[in-house]
Amino acid sequence: SVNKIILCISPEELTSRLGEFGQFCPVSLAESYELVDCSLTDSLEFAAEFRGHYYKMSSQENFNKFLENPEQYVPPLAPHPLPPADMIPRRLTPSGLKSRFPKCAELQGYCPVTYQDGRQRYEALVPGSINYALEYRDRIYICESREKLEKFLRSPSKYCNQKLPYKLPPPKEPKCLTSLPLPGYLEQGIATSLIKAMNAAGCLKPKFPFLSVKRSALLYIAFHLKAFNPKGSEYTRKKYKKKMEQFTERCELITYLGAKMTRKYKEPQFRAIDFDHKLQTFLSLRSIDPVNG
């Protein structure tokens with residue numbers, strides 16, 4: 001028998017006794033193959049108990065249908081099982097979207113729902129908003145509005161796997177940086193800082209003791225980006241300026257020792273005053289981490 005839930009139950013009890021569909025509406029899944037997530041509301045107005053399990057419905061109409069004939073909406077008669085977790089789309093907050101970088105949004109950030117519902121016409125190419133992002137099958141989609149986001153969440157298979165036309169409309173507003181390909185993100189986001197760092201590395205030509213030229217240059221560029229990051233705190237910039245200065249001094253040891261080192265042995269009293277100290281510093285760098293050392 002099926003019972004309407006009229007008494008208060010704890011969230012823990014609800015979770016522990018949920019049916020095969022979790023908090024997704026079994027009626028919507030059975031009749032229209034739509035994933036309607038009922039966990040967004042704590043209300044149990046449209047919740048029912050059947051065969052010892054709880055089920056939540058998305059509307060009064062679906063609730064009435066379930067009460068009338070619950071057997072056809074639960075296994076073994078239910079026509080569609082709930083997809084596995086990795087096949088269920090998930091909402092992404094703006095911070096969650098940022099954490100997925102450098103993964104790019106599908107359709108170059110255009111709304112997949114607007115495009116599909118607009119019969120994939122040129123006029124239906126509308127940029128999405130980072131406030132309505134989601135992840136489905138390890139891919140990111142950005143929708144135009146909350147309504148479009150809800151439509152994708154309910155019927156993801158309908159809106160994924162679309163292809164953009166060759167000709168795209170000119171952007172009407174600035175694009176979300178995280179929707180750009182990685183080279184585009186670098187160009188639009190840190191181009192000026194990166195050019196300055198690479199120019200400084202080209203002038204200095206750093207070579208850290210016991211490291212390759214490539215790794216030495218990459219480390220110097222990294223220090224430079226941190227030291228002159230306009231969005232970084234003053235403490236962080238000072239910290240990395242000091243690290244960059246120390247890194248530069250250690251790179252200069254090779255030039256100094258190359259100029260002062262002679263083929264023939266010299267007694268200590270005939271060497272440059274700081275030669276022995278710099279030689280010992282150079283040799284000690286073999287086992288020192290150039291970043292944290």
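This dialogue goes through some backbone features of a predicted model.

Me: How should I read the backbone here, and which peptide bond precedes Pro 76, cis or trans?

Reply: The general idea is that most residues other than glycine have a negative phi, and most peptide bonds are trans. In this predicted model, the bond from Pro 75 to Pro 76 is cis, with omega near 10°, and Pro 76 sits in the loop that runs between helix H3 (60-68) and strand S4 (90-92).

Me: What is the geometry of the peptide bond from Phe 101 to Pro 102, and where does Pro 102 lie?

Reply: The bond that joins Phe 101 to Pro 102 is cis, with omega near 10°, while Pro 102 belongs to the loop between helix H4 (94-99) and helix H5 (112-117).

Me: Turning to phi, what is its sign at Leu 107, and is the residue buried or exposed?

Reply: Leu 107 is not a glycine, yet its phi is positive, at about 55°, and the residue is found in the loop between H4 and H5. Leu 107 counts as buried because its relative accessibility is 9%, and the cut-off for buried is under 20%.

Me: And Asn 161: where is it, what is its phi, and is it buried or exposed?

Reply: Asn 161 lies in the loop between helix H7 (156-159) and helix H8 (182-204), and, although not a glycine, Asn 161 has a positive phi of about 60°. With a relative accessibility of 57%, Asn 161 counts as exposed, since that class begins over 50%.

Notes. Residues are numbered from 1 along each chain as its sequence is written. This is a predicted model: local features need pLDDT of at least 70, side-chain atom pairs count only at pLDDT 80 or more; totals for chains, interfaces and linings use all residues. Side-chain values use heavy atoms; hydrogens and water are left out. Helices (H or I, at least four residues) and strands (E, at least two) are DSSP runs, numbered from the N terminus. Buried means under 20% relative accessible area, exposed over 50%, partly exposed in between (1.4 Å probe, protein chains only).
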